[in-house]
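Let us work through how strand pairing and helix packing can be read from a model, taking one feature at a time.

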Amino acid sequence: MTSTSNSSLTLSKRSFLKGSLATGLGFAGLPLFGRGAAAQAASKGVVSGCHWGVFYGMVEDGRAVEFKPWEGDPAPSPQLPGVLDSLYSESRIRYPMVRRAWLEQGPGADPDGRGSGDFVRVSWEKAIELVAGEITRVRETYGHPAVFAGSYGWKSPGKLHNCQTLLRRMLNLTGSYTNSVGDYSTGAAQVILPYVSGSIEVYEQCTTWDNLAENCELMVFWGANPLNNSEICWQVADHGSFRGVDQIKEAGVESICIDPVRTETAQHLDSEWIAPAPQTDVAMMLGIMYALQDEGLHDQAFLDRYTVGFDKFLPYLLGDTDGTPKTPEWAAEICGVPADKLRDLARRFSSKRTMLALGYSTQRQHHGEQIHWALITLASMLGQIGLPGGGYGLSYHYASGGSPTHTTPILKAVDDASGVKVEGAAWLAASGAVSIPVSRLVETLLNPGKVMQFNGHEVELPEIKLAYWAGGNPFSHHQDRNEMLRAWRQLDTFIVHDFQWTASARHADIVLPATTSYERNDIEQVGDYALSHIVPMKKIVEPVFEARSDYDIFADIADKLGRGYEFTQGLSEMDWIRGFYEAAKVEARAKGMEMPVFDAFWDSNKPLAFPLAEAQKDFVRHADFRADPLLNALGTASGKFELYSTAIEKYGYDDCPPHASWMEPIERLGGPTTLYPLAVASNHPDLRLHSQLCGTKIRETYAVQGREPCWMHPEDAEARGLSDGEVVRVFNQRGQILAGLVITDVIRPGVIRVSEGGWFDPVEPRKIGSLCAYGDINNLTTGVATSRLAQANCGQTAMAEVERFEGPLPPVTVFSQPA
């Protein structure tokens, strides 16, 4: 039995570096990190950045041999060896490839054969001709909405080589397409929160860790695990959450972890661990809220001044509207946490300065809209929103939210040539001829012409015949893999840019080998929230085999379609990068800072640092609103927190009521309609970024007999006669996978954990429902939508059973070259 969890994989490999980072004066009076001996040694390499942080690429004889962490990184990622191996792994795509049946018989030929690996190598000239010709054919035959601009996923950072934007740029310049809106990470939350708190909020700054260390008395991590998730950033990682967690530990802040797993964060802080049944958080919150109301512990003055609708929510809480009071006893029956503990939490939350830190995974479930609404209702009853160290935060676990924001210009980026100015979150903007909710592509493929309800309006689902993906891996991140396989057979053509033979590439008809970030130049900012530096993402090595940058690929396709100059504007890669920097330089000057000239910045081979004001270290979310709710009104219809939404009420959705509510999911641990006994926690993995790095040697540090690990509590393993380290079959009505068993006491009984992002490896590619040899958990998760409001994904909704796998073990083939 394993008595500790992923701490042995992650925490033991990471030294928590303490103390301040040395700074010196750089160009034009701006500080540049690392002007000491360590920096001089590191400067022998080539500076760059990635989702895992700033690093120096060490090169020998034209080959990268080490990615050395930047000396200014407070907690360098142990995943960097895998990042390096992504350049040279066996799974690297080497040449333009076309599926044989598609090439010889035409679009739509033998759709069952996708994934079987029968590819033909073609020249780049031929590949560009085929792609341009197919875009033209589909548009002329079916109309422009028949082209789907996929490219959803964690593309590499960088302001130029944003393949998602570049794909849309090419398609906008040459016609139109179907677009997607929203994301898989926070699809339910980002739709419900504008009604409740006036913005999507999940990607906005939290009260800083500095402020928490000074003022917070009780930190509650509710499905949030900063020491896992903040290994990476959407931009270049700053790893500020590692410093932040250490700050609250050193300050002696009491902490609670509410999670089916005793996470790395809980272990590092020695937090109190409360393990409710998965998908029952709303019921648990309602039980706490009932106790607050029942014992007179709620802050009525805050509710009266800063919220609307509590008077309409209260009858539901008390059971006046449905005959079911949401007592701690009622909640305990659902969530499995004793009623006395829920009352104790109500008293502790209300008597201490409490920060409720909620994770994204809690809303990736059936009726996921309800969890963030319930949390804000609970926080409103506590009345601490806007106070130092109190309230709630929605991004402490994401990209080091809570790291104080520096005074910095914002780097511009290449645009999609749509002519539409996008404010805020670009992925939420409608573009193209039609926009569908991002996680509803499978439903769209299977139901062209269907009218879908989405956030108060109707969307007619288009007929899609060509899906084009660059920078994402849909055969990893989408739920219900076998339903997806059925849907994919409706496509004439699937085009993929990638640098590794992921399952998405293996299921493509045309595969174009793209460069990694380390084979091209770019520029980016460090820290999604900190914005502490601008880093030159310098090319470390020349492209391997025949890989080309997405920019060059799309430029050639645009040229083939007659819009090449419009795509490039006659600019080279370095022209674009210089332009982004110079625009930032102008903005910096307006803020009283003088950045060095571009050539000096680029040649310095170092990140460029920006100052941090003392006031930013003490940032408190919603403090201005609390100080003056009229002058600093929220973006809701009332300008206040809306605990009851009349707008949502008017939609009349029976799966999304007008206030936070407990709604029975289609399946859950202890639920009335559950077919299988074990709840599945499809957590973010320890040593990769979703599916990224799964195809590298770092997999060898955690795989069990070459398979994705499946964590199980000793009681559940004993009941099934299973032993640690053996290969098991995990299955339900949707699919089946193999996994390597890890027996551990850091997971709740009745729950198993198989991390998302494992590469799909069907033993029989032509057979829908085939056993996955490696362990892609989305064979088991449901593809239903959260509700008609958000139409988001339910990646945490799954029940399953586990049994010993009998018979010869099928080989894992997905990490090698296709046949």
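**Reading a sheet and a helix crossing**

Q: How many bridges join β4 to β5, and in which sense do the two strands run?
A: In this predicted model, β4 and β5 run antiparallel and are joined by six bridges. Within that pairing, Gly 57 stands opposite Phe 67 in β5.

Q: What is the order of the strands in the open sheet, and which strands stand at the edges?
A: The open sheet has three strands in the order β3-β4-β5, paired in the antiparallel sense. Because β3 and β5 (63–69) each have a single partner strand, they stand at the edges, and one side of each is left without a neighbour in the sheet. From one strand to the next, the twist averages 40 degrees.

Q: Where do the side chains of a regular strand point, and how is β3 joined to β4?
A: As a general idea, side chains in a regular strand alternate between the two faces of the sheet. Here, β3 (residues 46–50) is joined to β4 by a hairpin through two residues, and β3 and β4 (residues 53–60) pair over five antiparallel bridges, with Val 47 opposite Tyr 56 in β4. Four of the five residues of β3 are buried, so that the strand is mostly covered.

Q: At what angle do the axes of α4 and α21 cross?
A: The axes of α4 (residues 124–142) and α21 (residues 550–560) come within 9 Å and cross at roughly 60 degrees, which makes α4 oblique to α21. The crossing is right-handed. Residues making the contact include Trp 124 and Ile 128 of α4 and Ile 553 and Lys 560 of α21; the contact residues divide into seven nonpolar, no polar and three charged.

Terms used:
Residues are numbered from 1 along each chain as its sequence is written. This is a predicted model: local features need pLDDT of at least 70, side-chain atom pairs count only at pLDDT 80 or more; totals for chains, interfaces and linings use all residues. Side-chain values use heavy atoms; hydrogens and water are left out. Buried means under 20% relative accessible area, exposed over 50%, partly exposed in between (1.4 Å probe, protein chains only). Two strands pair if DSSP finds at least two bridges between them. Axes are lines fitted to C-alpha atoms, for helices over the stretch in contact, and angles run from 0 to 180 degrees between N-to-C directions. Angles under 35 degrees count as roughly parallel, over 145 as roughly antiparallel, 65 to 115 as roughly perpendicular and the rest as oblique. A crossing is left-handed if the near helix is turned anticlockwise from the far one by less than a right angle, and right-handed if clockwise. Contact means heavy atoms within 4.5 Å. Ala, Val, Leu, Ile, Met, Phe, Trp, Tyr, Cys and Pro count as nonpolar, Asp, Glu, Lys and Arg as charged, and the others, Gly among them, as polar.
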